[in-house]
Each structure stands twice: as structure tokens, then as C-alpha cells.
Amino acid sequence: MTSDFIVVANRLPVDRVQSGDQVEWKPSPGGLVTALKPVLQSREGAWVGWPGCIDEVNVSEMPSVKEAGVRMLPVNLDAGDHELFYEGFSNATLWPLYHDLIVSPNFNKAFWERYREVNQRFAEAVADEAAEGATVWVQDYQLHLVPGELRSKRPDLCIGFFLHIPFPAPELFRQLPWRREILRGTLGADVVGFHTADGAINFLDTLQALGEDVSYLHAEGEHTFVRGARLPQPGDIVGTVRVEDHDGTTREVKVGVFPISIDAAHVNTTAMSPEVMARTEKLRTQLGNPKLLLAGVDRMDYTKGITHRLETLEDLLDSGELQAQDVVMVQVATPSRERLEDYQRVREEVERIVSRINGNHGSLGRPVVHYTHAGLPFEDITALYSAADILLVTALKDGMNLVAKEYVACHSDGSGALVLSEFTGAATQLTQAYLCNPHDPESTAAAVLHAVNDDPNSRRQRMLNMWEQVRAHDVNRWAESFLRQLQKVDNS
């Protein structure tokens, strides 16, 4: 059996959960699954990815198409693969490099060699599954080499690649010892997509600096793209790269802007359901019905600026600009990459600041900050969004940040306020948020106070405008705009 449409991602859209001898497959949450599942179902496609466990998993063990809605093909990783490919090159080398060196990347040759081996394994699985002339959509930084590997094995395929995290400025990316291999692997695709114009242009600038044949396109299709002109809109192609393949043929790779979003209708419907509305009311009661409820919802990651927002809250309490008896903050920090030292360090610092705030400003039975280092069911997260007067998104660098969009979708009535880092992809779309520079404590504090003290009508209109943006530019529009560009490719 072969497939005409294949999604390739580091993870499959299901999680393997084992309890004793019982194995259960649960759907993975997240916008990527929501976006791509209907596309796969309509095209009877397949999803290739890692099943999330070290144990060997056969195709026969995966949920059936009837159960899962899509055909799933596992790529198995052993403990060494997980350590060197995933924790190593993907998350100790590329992740910090792509997030502006918030921590130092580890340029370890063993990491690179295993990354290359695992990417080859993914490409082989796809090449075996793909029908003649199939469309393959490769997702994210863990699989940069897959498009190039596929191109050499199956030149008949139409290949897309989408990067879900920022692409750094040329002077940063060029530090990578294997920079040309990563770029050439990515250029195996016919279309390369980014969330923002900055990411797309950084990619093109890097290629040009390394001698590739790059053309910059204006949004209207003219070869006169100029920084500072009208920003490219979702779905725009901002440049092309002329590449020569192994067989000597030349191709034109399109580079475009395709900001991902959420299933806005689903999030809004969930927030408006009687069950979640009841949880929302109960949550505010449990927290003492504060005058001001702040919230943060993140993975425990040094890129998310959790310590920065907590220190801002602490400064506002210390200065008396916010009164401890009026304020409660809930910080949800989902565990992430816990074996990596940089992630352990940020968790320790977050917990130290939480303890200091509660020690200095809380009272018995009434902490100022309620903190949990655990994942919560989506209905509970939605209830927290709905309950929060202000959501703080203070990422130091973020490809998009869908949490900001989920919060907006829970406040379609115009309630609430969003304090948003200008270094998120979301800030290019949610321009009426209270924007801040999280590297500048005074900027973040000013944004919080602006949100607190703004005219209610102005605050309401800001949220209504953002809801209209999120509603109109949902996850389906993202997928459709990218695939529309892929459909224009002819590799016959």
C-alpha cells in the first residue's frame, strides 16, 4: 500500500501510554495534528513519525485508520537516537542556535552524525510509502535533511518543508559547522515555509551570504523585495533559490510566509461550553476571587521568559504599583526536555522566584503565585484562559506562540487582555496586544500596567479585533495556503 499524501514529523499524532501490560494510544494535542488530520483524511494520506517510546513498535501495533483517522507509520528510535539526535543535535544544538543563543549551542560531531543517520531513516520510510508523484510535507527542525534525502531517492515527489521555530540571522546560523549540509537538505523541498517574514528573509540572506543563487520577490511578484516595504502577507512567496540537484537538473525553490494558527472555532466552542464555564467560575472561587488574575501557560523552556515575567510581577509588588491582596498569578509550566541541564536550571530559577514572591508578599493560605510543573487537560487550560484577566506571554524568542491565540479565542466577548512579547511570531499578527520587550523589565511592567489601567472600551476593542484576526486566519487557512503553493509545483 502506498500514499499520495504524506506528513513527516518527529512525532506521530498519537502518544503511546503503557500501564503495566496494557498499551493505549491517545491522540496528541496540538495545532499541528488539528491542522493536518483533515487534510490527510481527505487525501487518504499517511503520517510518518516516532511513536514516542524507546521500545520497537511495528506498523501492526499502531491504531488502525478507522481508529485514528489516518494511516500511521512508525520510525523507531533507540535510547542512543533519543540522546544524540533528539536531545543532542535537535535540542542542544539547533534549538539554542535558532533562538538567538539564549544559551550556547553544543556543536558536537557525534550529535551531528546521529542526526544525519536518523534523518536518513525517516527519508527511507517515506520513500517506501510514497506513491508515484506523491506530495510529502516535512515538518520542523528535527528533519532538515529529509527533503534532500528524499529528492535524491525519489525525484518524482513534490516536497514541502515547514519550520515551526524561528530561523536565525545569517551571522548566527553560519556558526553551525554543518550549515551547508542543513541548508542543502532543506532545499530538497520545492516550497520552504516560515511563520514570519523575518524567518523567511533570514533564510534567504543566509543562502545568499553562502553563495547560493537567491532572488528576492516583492509581494506582487517583482524581483525588487525591499526591507521596510509592505510586509509579506500570509501565503506570500518572498523569494526563490535556484538549486542544482544530484542529477544535474536545476529547480527553483520557493520560500514563503505561512503563519500557523489554531482551530479557533474549536477553542472558542470549548471555552463557551457549560462544563468549561463552570470550571472557570470554580477556579476563580478557589483562587479567592481576586481583583486581578494573571496567568502564564508555557512549556518549561528557557526561551519562554517565565523568569522574566515573574520578576516583573515581583518588581510591581515591591514598588507598590500592584497590591498583593488584589493580585493572584497562576503559572503552568509543562515539563519539557527534563534531562537537559539548561532546562533543569531554568526550572530551579523559576521555583526560586516563585518561593521568594510568596515569601515576601503572600500570606498563610494565600500565595500570590500558584505554580504547577505539570501538564493539564485542555479543558482545564481553557478554563484558566477564560478566568484570567491578563495572560502574560513574555517569550524571549518564539516562532509563533499558539498560547496567545488560544487565549484570544477564549475571549471572543472582548474580555481579558494579552501582554505579548514582540519577539513572538504572534506579535506580527496580534498587533493590538499590549506589546513588550521582555529583555527590558520596565517595558514589561509598563505593558502590564497599561493592560490593567487601560480604558475598558479600548481594552475590549483590542481583544475583539484580535479575535477577528484569529477567527479569520485559523489553522485550516494556514494548511491551505501552504498546500496551494505546493500544488503549483510540477516535478513530472
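## Salt bridge between Asp100 and Lys397

In this predicted model, Asp100 and Lys397 form a salt bridge, with 3.5 Å between the closest N and O atoms. The pair meets the rule because a side-chain nitrogen of Lys has to be within 4 Å of a carboxyl oxygen of Asp or Glu. Asp100 belongs to domain 1, which covers 3–261 + 476–487, and Lys397 to domain 2, which covers 264–472. Across the interface of these two domains, the rule finds two salt bridges.

## Surroundings of Lys397

Lys397 sits in a loop that runs between strand S15 (390–393) and helix H14 (402–409). Leaving aside residues up to four places away in sequence, Lys397 touches Tyr98, His99, Asp100, Ile102, Pro166, Thr303 and Phe423. The salt-bridge partner Asp100 is thus one of the residues that Lys397 touches.

Asn91 and Lys397 are 306 residues apart along the chain, and their C-alpha atoms are separated by 15 Å.

## Interface of domain 1 and domain 2

The domain assignment splits the chain into domain 1 (3–261 + 476–487) and domain 2 (264–472). Domain 1 is therefore given as two segments, 3–261 and 476–487, and domain 2 as one, 264–472, with bounds that come from an automatic or database assignment. The C-alpha centres of the two domains lie 30 Å apart. Contacts involve 23 residues of domain 1 and 21 residues of domain 2.

The size of an interface is often given as the accessible area lost when the parts come together. Between domain 1 and domain 2 the buried area is about 1700 Å², and carbon and sulfur atoms give 61% of that area. On the domain 1 side, Glu87, Trp95 and Ile102 lose the most area to domain 2, and together they account for 29% of what that side buries. Ile102 is also among the residues touched by Lys397.

## Internal cavity

Rolling a probe the size of a water molecule over the atoms shows where empty space is left. The structure holds one cavity of 30 Å³ or more, and the volume of the largest cavity is about 50 Å³.

Its lining consists of Leu294, Arg309, Thr312, Leu313, Leu316, Leu322, Leu392, Thr394, Thr444 and Val448. By class, six of the lining residues are nonpolar, three are polar and one is charged. Helices H11 (306–319) and H15 (441–453) each supply at least two residues of this lining. The most comes from H11, which gives four residues.

Definitions and conventions: Residues numbered from 1 in each chain as written. Predicted model: local features only at pLDDT ≥ 70, side-chain atom pairs only at ≥ 80, totals over all residues. Heavy atoms only, no water. 1 Å grid on protein atoms, 1.4 Å probe; cavity = no way out; pocket = protein on both sides within 12 Å on 5 of 7 lines; lining within 4 Å. Points joined across faces, edges and corners; volume = space filled by probe spheres on them. Nonpolar A, V, L, I, M, F, W, Y, C, P; charged D, E, K, R; others polar. Contact = heavy atoms within 4.5 Å. Buried area = accessible area lost by both parts, 1.4 Å probe.
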